[in-house]
Amino acid sequence: MKYSIKDTTEEYEYLTVPELQEKITYLLDDTNFYTANWGVVIRSLKTGEYLYQKDGDKLFTPASNLKLFTTAAGLSLLGSGYRYTTNIYADGEINYSTLEGNLIVQGTGDPTISGRFYGGNIYKVFDDWADSLLELGITKIKGNIIGDDDLFDEKGLGEGWSWDYETYWYAAQSSAISFNDNCVDITIFYDKKLDSVIVKYSPIVKGIVVINDVVPVSPGTGSTDIDIYRERGTNIITVSGTFSQGSDTLKTYATVLNPTLFAMMVFKDRLEKKGIKVLGYAIDIDDYEKHIEYSKAQYLFSYYSPYLFEIVKVINKGSQNFFAEQLLKTIGLEKKGFGSVENGILACKDWFAEIGLNPDHILMADGSGLSHLNRVTPRQIVLLLRYMYASKNFGAFFSSLPIAGVDGTLARRMKNTRAENSVRAKTGFIGFTRSLSGYAFTADGEPLAFSLIVNNFNVPVKLAENIQDSICVLLSNFKRKHSE
């Protein structure tokens, strides 16, 4: 019989290290994973001893475990107190209450302009900007609302991302200016009076078209099965499938094309709702023919994002890909002068070498782990975890990780075991990959760093999770019994 999670929750287990290794090997030898590859490294952060190693130096697809590298580098290179700055300029004279020219928003990659930090109010930041303009006495803008996103490159999608990801929130495009995670929110519900499925979306702006192709079904004849698809190169979004008449309201998301233009269109609408008349258009700077000379523009005010230690919590606890991609480009902007994935990776690899990680054993294609081209070794992950454990940024890094049985992507895993509220680890999942890496504490309170990655399995992902969770519980119950 295989060791199950329940087998190790009754009492602490006094084991020698060889006995612990034997139990872990038994779990990994599950015949369901005959075609798969496991990479496992477990190391004591107290003694430096390796408690378990299996193919620790082979390259594996890490999925979202790559976010450990992106967030660790971000905290170390930028500082946990780093904040994004978005600057607002007037390109033209201000005569009494009228701006005789354009209003310019210069973005630096801030991913937080949304309702995420403002109680769900997605318009809070833009409304505050409008209030700031009103405080300056501006009630009319004769020119355009221009979004300057030129501090980042124009590559919104990551190298090696599957083409069919493009519609979904987890593949939102990166941009130096963003709004609402560069997605529209879609709400679906059944209206009994109309006997039809209603599809609503927000924000409602010109250029976004949502087509309702959802069919209602009675609870006895079908279930809710919804898909969304944004036609490539457009902002035409089709919501299709079936919706059970007995289902609760469903909320989903679709990505947008050209996030900068999307953001400026919403901002323009909010200005007008606040009583500021805009005679011009919302424009992406790429479509503006004139060159903006900031030395001649009038600086009005700046918006500062929440601190980076709060941003990395979003990245790691919820495995937020868009935030991770923004952070990687931000590292490139701050350390190499321009926000691109290539510059971000160069800066990260410089830092990896400084802290003793071999950059050649860390193949980065993006910042989130969504790309199938990423490769790392389990040992490099554990070495990174060990470095962060001893660094001044450990508190921010540790606090960003999901807590087993409590929150984030581990909220439903390892509940009612000794790993609950003890193990802190980053999950990862893309096709044929399930990863889990982070920190565990033994029953003696000994801190461990671990990395558990499986590639190339063809069974339900839950079976991989069960093995990972069982190992974590085994470690949490482990008390050292010294050989006699």
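**Pockets and rings: a quick tour**

Hi everyone, let's start with a pocket: the second largest one here has a volume of about 250 Å³. This is a predicted model, so please keep that in mind throughout. Thirteen is the number to remember for the lining: of those 13 residues, Arg 116, Asn 180, Asp 181, Asp 185 and Tyr 253 are the closest to the pocket centre. Two elements, β8 (183-191) and β13 (250-255), each give two or more residues to this lining. By class, the lining splits into four nonpolar, five polar and four charged residues.

Now for the largest pocket, at about 390 Å³. It has 18 lining residues, and Ser 64, Tyr 170, Ser 319, Asn 321 and Phe 429 come closest to its centre. Which strand gives the most to that lining? That would be β19 (residues 424-430), with five residues. Seven of the lining residues are nonpolar, nine are polar and two are charged.

On to the rings. Searching the whole structure turns up 26 aromatic pairs. Take Tyr 89 and Tyr 299: their ring centres are 5.9 Å apart and their planes meet at 70°, so we call the pair edge-to-face. Tyr 89 belongs to strand β4 (residues 85-95) and Tyr 299 to strand β16 (residues 298-304), so this contact ties together parts 210 residues apart in sequence. Tyr 89 is buried, at 13% relative accessibility, while Tyr 299 is partly exposed at 44%.

There is also a cluster, where ring pairs link Tyr 123, Phe 126, Trp 129, Phe 179, Phe 262, Phe 267 and Tyr 303.

Last, charges over rings. Arg 83 lies over the face of Tyr 307, 4.6 Å from the ring centre, and the charged end of Lys 479 sits over the Tyr 12 ring, 5.2 Å from its centre. Thanks for listening!

How values were computed
Residues are numbered from 1 along each chain as its sequence is written. This is a predicted model: local features need pLDDT of at least 70, side-chain atom pairs count only at pLDDT 80 or more; totals for chains, interfaces and linings use all residues. Side-chain values use heavy atoms; hydrogens and water are left out. Rings of Phe, Tyr and Trp (its six-membered ring) pair if their centres lie within 6.5 Å; planes under 30 degrees apart count as stacked, over 60 as edge-to-face and the rest as tilted. Helices (H or I, at least four residues) and strands (E, at least two) are DSSP runs, numbered from the N terminus. Buried means under 20% relative accessible area, exposed over 50%, partly exposed in between (1.4 Å probe, protein chains only). A charge sits over a ring if NZ of Lys or CZ of Arg is within 6 Å of the ring centre and within 35 degrees of the ring normal. On a 1 Å grid over the protein atoms alone, a cavity is a set of points where a 1.4 Å probe fits but cannot get out, and a pocket is an open set with protein on both sides within 12 Å along at least five of seven lines; lining residues have an atom within 4 Å of a point. Grid points are joined across faces, edges and corners, and a volume is the space filled by probe spheres set on the points. Ala, Val, Leu, Ile, Met, Phe, Trp, Tyr, Cys and Pro count as nonpolar, Asp, Glu, Lys and Arg as charged, and the others, Gly among them, as polar.
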